[in-house]
Amino acid sequence: MSKKLSCSIPQITKSYDIEIGIGLLDSQAKYLATVGSKFAIITDDHVAPLYGEPLKQNLTSFGLQASLFSFPHGEQSKTRATKEILENGLFGKKFGRDTCVIALGGGVVTDLAGYLAATFCRGIPFVSIPTSLLGMADAGIGGKTGVNVPFGKNLLGCVYQPKKVIIDISTLKTLPRREYVNGTVEMIKHGIIADGHLFEKLENNCTQLLSLDPSLLEEVIFENCRIKKKIVEQDEKEVGIRHLLNFGHTVAHALERLTDYKLSHGEAVAIGIVVESYLSLKLGTLTQPAFDRIKAILLRYGLPFKLPSRFSVTTIQEAMRVDKKSLKGFPRFVMIDGIGSSLSCDSQYCSHVDESLLKDALQWMIDDLCRY
């Protein structure tokens, strides 16, 4: 028995479902037949043999025309070049406006395939099927799509909503441990910015969640989707409250880019969450006990707080200047005033901080948090 949420965005005429359950991949052909005539399953080389080929065979046996397109896994592949290769592959197989893209994989896949769908023949439908915990809790929902460029992460892209999000929890059984832990960071983030009860549930059920308890996983993924869809419904284009979802990401994106994505997204966001919580602590909006709980839960889930190499404060600051949230060349951060509560510093829900405070926080990160 699956659970469903409906995401209704005022700017689009029709809502879409987020379906969460176990074994859902085997029962989607009937629905997909209503969305397109041809299906381009886009995935990476890890997911392709595990779930891409079986999904293609399932659709074909139902009488649907489906092709599988894959690319090398990892953040390094989320580029304009990869998008072009995939587009040429679709054109080469005579795919056109009657195509539906199926984004099958983690956050890299859903970002890249969604962006391709938004621009291919000036927009074709796509269905998001996240297979990583990070994708299920965050990246696969809300319509953010895009690619990285040498200047920074996610600097090219658009907001393009899927026709449906299908979350089959059974795919997590084949997810590498490191990638699974990465996904817990986004869940913890949602608890910090929006739901103290979810944060407590994550605190109290660490062992069960790391053991992939299916009923508990379904419950917490549902809660994360509820939080994400509620925010997206209010602010699809990220001009206000949706900025809250970037908590920890200003620092994280800079670190990912500087390490050439050797630092995983989840590990980078974990560091970013603690650093941006440290800023709130120093500004007096967050108490020491709350800060300690935030740091402690990330450690309990196995986040290492390690950098692959040392960077100067100035280098990190320069990398943050091109963050997509920056204004007039200065980075902005989401401030919090408690667990389950963010601080609306202005109408855009993120703000600049004093440069001396930022330098202090980054130096603390290097010397103390990451102990480089």
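## A tour from Ala 194 to Phe 151

Select Ala 194: at 39% relative accessibility, this residue counts as partly exposed (buried means under 20% relative accessible area, exposed over 50%, partly exposed in between, with a 1.4 Å probe and protein chains only). Ala 194 lies in helix H6, residues 177–194 (helices, H or I of at least four residues, and strands, E of at least two, are DSSP runs numbered from the N terminus). Now add Asn 224, which is 30 residues from Ala 194 along the chain; their C-alpha atoms are separated by 9.9 Å.

The model is predicted: local features need pLDDT of at least 70 and side-chain atom pairs count only at pLDDT 80 or more, while totals for chains, interfaces and linings use all residues. Residues are numbered from 1 along each chain as its sequence is written, and side-chain values use heavy atoms, with hydrogens and water left out.

**Whole chain**

Zoom out to show the protein chain, which has 14 helices and eleven strands. Its C-alpha atoms fill a box of roughly 60 × 40 × 40 Å along the principal axes. The radius of gyration is 20 Å, in agreement with the value near 21 Å for a compact globule of 372 residues (taken over C-alpha atoms; the globule rule is 2.2 Å times the number of residues to the power 0.38). Of the 372 residues, 60% count as buried.

**Strand E3**

Select residues 38–44, strand E3. Seven of the seven residues are buried, so E3 is largely enclosed by the rest of the structure. Lys 38, Ala 40, Ile 42 and Asp 44 point one way, and Phe 39, Ile 41 and Thr 43 point the other way.

Add strand E4, residues 65–71, which pairs with E3 in the parallel sense over seven bridges (two strands pair if DSSP finds at least two bridges between them). Opposite Ala 40 is Ser 67 of E4. With helix H2, residues 47–61, shown as well, E3, H2 and E4 form a right-handed β-α-β unit (right-handed if, with the strands pointing away from the viewer, the path from the first strand over the helix to the second runs clockwise).

Next show strand E5, residues 99–105, joined to E3 by five bridges in the parallel sense. Thr 99 of E5 is the bridge partner of Lys 38.

**Phe 151**

Finish at Phe 151, in the loop between strand E7 (144–149) and strand E8 (152–159). Phe 151 is exposed, with a relative accessible area of 58%.
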